[in-house]
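Open the model in your viewer and colour it by secondary structure. Keep the selection tool to hand. We will go stop by stop.

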Amino acid sequence: MTGAVTAPSSQGIPSDDAPAYRSRSLRISTVGFLLLAAPFLVFGGMMFLLKTRVELHCEPGGCQLFHISWVTSQRVELFPLGELQGALVDRNRSSRAGAEPLYRPVLETTRGKFPLSYRWLNDEAEAARTVSIVQRYLANPMATNGRTLVLFHDHRRTPLFVGSAFSAVGLALVGLSLWMALKLRKASASPRG
């Protein structure tokens, strides 16, 4: 039997030398994860800035309407007592057959209607409570005895959960990018054989 026996090749990549393609792939991965993190961080930040708490502050002279997020607060309007006309429950019937209507308390003024809730409510009684308090205030604004009457509907919980989840993913991706950048730095700093 005559067969040629070949010895294993001694050519290849030495184990103590980082291959060139490895540092290139680390560089690309680092940039890729940073780019992937950006939309998560931007969307998470947008959710924290979403003004989903609506507050109505009423005093004997009139009312102020505020829209509030987890980070910022904005006064939307200032209504002197003479501009306030009342409040009502707005109903929104869904286009789907058999769907339950949704409700939202609305402040009526000479400048138009202003919703007192960021989103539509499933419970008509909740919207009617807000309307009834506004109507009592309009019937006797002096009953507040100089104190501020504050009505609010706070729907910031959902944006908080969604914003936190997106921000956590974005920060994890940034952390992974930093870890890869450190590995790349170590690989490029190690002596070449």
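In what order do the elements of the protein chain run from the N terminus on? They run α-β-β-β-β-β-β-α-β-α. That is three helices and seven strands. Keep in mind throughout that this is a predicted model.

**Stop 1: the whole chain**

Select everything and show the surface. The protein chain has 193 residues, and 29% of them count as buried. About 12600 Å² is exposed, with carbon and sulfur atoms supplying 59% of it. Now turn to contacts between residues at least 6 apart in sequence: 56% of these join residues at least 24 apart.

**Stop 2: the four-stranded sheet**

Select strands 1, 2, 3 and 7. They form an open sheet in the order 3-2-1-7, with antiparallel pairing. Which strands are at the edges? Strand 3 (73-80) and strand 7 (149-154) are, and each pairs on one side only. Look along the sheet: its neighbouring strands are turned by 15° against each other on average, direction ignored.

Zoom in on strands 2 and 3. Seven bridges pair them in the antiparallel sense. Pick Cys63 and look across to strand 3, where its bridge partner is Phe79.

**Stop 3: Cys58**

Stay with this sheet and select Cys58, in strand 1. Is Cys58 buried or exposed? Its relative accessibility is 2%, so Cys58 counts as buried. Show what surrounds it. Not counting residues up to four places away in sequence, Cys58 touches Cys63, Tyr137, Arg147, Thr148 and Leu149. Cys63 is the residue you just picked as the bridge partner of Phe79.

Next, draw a distance from Cys58 to Val134, C-alpha to C-alpha. The two are 76 residues apart in sequence and 8.9 Å apart in space.

**Stop 4: the three-stranded sheet**

Select strands 4, 5 and 6. Here is an open sheet with the order 4-5-6 and antiparallel pairing. Strand 4 and strand 6 (112-115) are its edge strands, each pairing on one side only. Neighbouring strands in this sheet are turned by 35° against each other on average, direction ignored.

Zoom in on strands 5 and 6. A hairpin of two residues joins them. Four bridges link the two strands, which run antiparallel. Two pairs are worth labelling. Leu107 has Phe114 in strand 6 as its bridge partner. Glu108 stands opposite Lys113 in strand 6. In a regular strand, side chains alternate between the two faces of the sheet.

**Stop 5: helix 2**

Add helix 2 to the view. Which strands does it lie across? On the four-stranded sheet, helix 2 lies across strand 1, strand 2 and strand 7, running at about 160° to strand 7. On the three-stranded sheet, helix 2 lies across strand 4 and strand 5, at about 170° to strand 4.

**Stop 6: the core**

Hide the surface and show side chains. The largest nonpolar core has 19 residues. Which of them have the most contacts inside it? They are Leu56, Leu65, Leu107 and Val134. Strand 1 (53-59), strand 2 (62-68), strand 4 (84-92), strand 5 (102-109) and helix 2 (124-139) each supply at least two residues. Helix 2 gives the most, with four.

Centre on Leu107. Leaving aside neighbours within four places in sequence, its contacts include Leu56 and Val134. Phe79, Leu84, Gly86 and Ala87 are also among them. So are Gly112, Lys113, Phe114 and Leu116. Phe114 is the bridge partner seen at the hairpin.

**Stop 7: Ser167 in helix 3**

Finish on helix 3 (residues 157-189), and select Ser167 within it. Why does Ser167 count as buried? Its relative accessibility is 13%, and the cut-off for buried is under 20%.

Where does its side chain reach? It reaches the backbone oxygen of Gly163, at 2.8 Å. Now show the other neighbours. Setting aside residues within four places in sequence, Ser167 is in contact with Phe40, Leu41, Gly44, Gly45 and Phe48.

Note on methods:
Residues numbered from 1 in each chain as written. Predicted model: local features only at pLDDT ≥ 70, side-chain atom pairs only at ≥ 80, totals over all residues. Heavy atoms only, no water. Buried < 20%, exposed > 50% of the residue type's maximum accessible area, 1.4 Å probe, protein only. Contact = heavy atoms within 4.5 Å. Areas by Shrake-Rupley, 256 points an atom, 1.4 Å probe, with all protein chains shown as cover. Polar contact = N/O pair within 3.5 Å; in protein donor to acceptor, adjacent residues only side chain to side chain. Core = buried A, V, L, I, M, F, W, Y, C linked by side-chain atoms within 4.5 Å. Pairing = 2+ DSSP bridges. Axes fitted to C-alpha atoms, helices over the stretch in contact; angles between N-to-C directions.
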